[in-house]
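Good morning, colleagues. I should like to take a few minutes to go through one structure with you, beginning with a single local detail and then widening the view.

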Amino acid sequence: MIAETLHWAHVAGRKLRVRGAGRWSNAGRPVHADETLSLAEHRGIVEYVPGDLTMTVRAGTTLAEIGMATSREGQWLPLDPWGSDDGTVGATLSTATTGPFSHAMGLPRDLVLGMEFVTGDGQTVRSGGRVVKNVAGFDLTRLMVGSWGTLGVITEVTVRLRSRPEHRETIAVALTPTRTGLNELAARLRALPFAPLASELVNTQLAARLGFGDVTVLLVALGGNERAVRAQRAAIGGFGDCVLVDEAVWPALRSSEREPVGSWRWSQLPSQFGDTWTAADTGARVLESFHLHGNPARGVVRVVAHGGEAQASALVRAATAFNGTVNVESLPMDAWPLVSPSAPSALSRGIRDKFDPARILNDGILGSDE
């Protein structure tokens, strides 16, 4: 049915807005579309092989559904993107949305083994496979992850699962967020003899929302057997005053965005995490309300603007005034015209010519490719 719909749209020249559950509909640039193609009802688990730690699902399957099925087997799909588990796996992979566990457990591209998708002219393509050891030619699976639905409509994916740790606990460390201190924090995290399941710094506004009070907090998730977790806890104890906190802090952190009006990520080398954090905190102060969180080990700081409609110019100024890497996730529709799009490369245009020659899929969501 999806292939037939795309073939018809290609022939008729009808542009389509591809969407999953619609939980992140303000993300990306405005889409020029005549129709909406929803994958929300194209859902369900196709195959689950716990012994191989693999699962094949349709693109409209929610992360909550996957979590329920895998938890019964002591397993886990560690995508856990910012937002809630009501989102679909197809949309999460199309936008390559990460979460707090991505540094240790793998980015979206690392967790996908195979995929079925339909191109802009209605051709069904299968890439990768359903097993961990799979040899293929050109990696179309990784090409599709993060393409925002501009090359094809993801209809089915096979993902790599992880075993849930025997023991897991979360530690909160109160910190003073100076530029040099946070640069040193990133270096210390990367020098640990183990990789924490997650390490996320949250600013005072977000910490208060999570129940920690007016303090900047580093949240660290530890996992393994009892002896390993005990050793990890001792190592983190050298970072400062530590307290054990409930594991529920992670879903609370992921879903902490209350009607955000915009969000973006700034990044540099992890060794410059303190510089990035300081710049993000300073730049966001033109907004009515915002919060920051970031992964020191990856060098990424995420800003979420909320608390009422901010002026479009202030949002854009706060989002783009950085010399490092800038990834704008979402803005009000009237703010996007103020963001200067980067010129697409000839390679990018050529790839899209092959997969969606008529430009019917999510046209404009990544900016013009002309």
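**From one strand to the whole chain**

In strand β8, Arg 160 is the bridge partner of Thr 54. Please keep in mind throughout that this is a predicted model.

Let me place that pair in its setting. Strand β4 comprises residues 54–58 and pairs with strand β8, residues 152–160. The pairing between β4 and β8 is antiparallel and runs over five bridges.

Which strand else pairs with β4? Strand β3, residues 45–49, also pairs with β4 in the antiparallel sense, here over four bridges. Thr 54 appears again in this second pairing, as the bridge partner of Val 49. Thr 54 thus has Val 49 as a bridge partner and Arg 160 as another.

The connection between β3 and β4 deserves a remark. The two strands form a hairpin, with four residues between them. Within the turn, Leu 53 has a positive phi of about 55°.

Is β4 mostly covered or mostly open? It is mostly covered, as four of the five residues in β4 are buried. As a general reminder, side chains in a regular strand alternate between the two faces of the sheet.

I now turn to a position in a helix. Arg 349 belongs to helix α13, which covers residues 346–355. How accessible is Arg 349? Its relative accessible area is 29%; this lies between the 20% limit for buried and the 50% limit for exposed, and therefore Arg 349 counts as partly exposed. Ser 368 is 19 residues away from Arg 349 along the chain, and the C-alpha atoms of the two are separated by 9.8 Å.

Finally, the chain as a whole. It has 13 helices and 17 strands. The radius of gyration is 21 Å, close to the 21 Å given by the globule rule for 370 residues, so the chain is as compact as a globular protein of that length. The C-alpha trace spans about 65 × 50 × 30 Å along its principal axes.

Of the 370 residues, 50% count as buried. Among the contacts with a separation of 6 or more, 69% are made by residues 24 or more positions apart. The exposed area of the chain is about 16,500 Å², and carbon and sulfur atoms supply 50% of that area.

As for charge, the chain carries 36 positive and 38 negative charges, and the mean positions of these two sets are 3 Å apart.

Thank you for your attention.

Note on methods: Residues are numbered from 1 along each chain as its sequence is written. This is a predicted model: local features need pLDDT of at least 70, side-chain atom pairs count only at pLDDT 80 or more; totals for chains, interfaces and linings use all residues. Side-chain values use heavy atoms; hydrogens and water are left out. The radius of gyration is taken over C-alpha atoms; the globule rule is 2.2 Å times the number of residues to the power 0.38. Buried means under 20% relative accessible area, exposed over 50%, partly exposed in between (1.4 Å probe, protein chains only). Contact means heavy atoms within 4.5 Å. Accessible areas come from the Shrake-Rupley method with a 1.4 Å probe; for residues, only the protein chains shown count as cover. Lys and Arg count as positive and Asp and Glu as negative; His and the chain ends are not counted. The place of a charge is taken as NZ of Lys, CZ of Arg, CG of Asp or CD of Glu. Two strands pair if DSSP finds at least two bridges between them.
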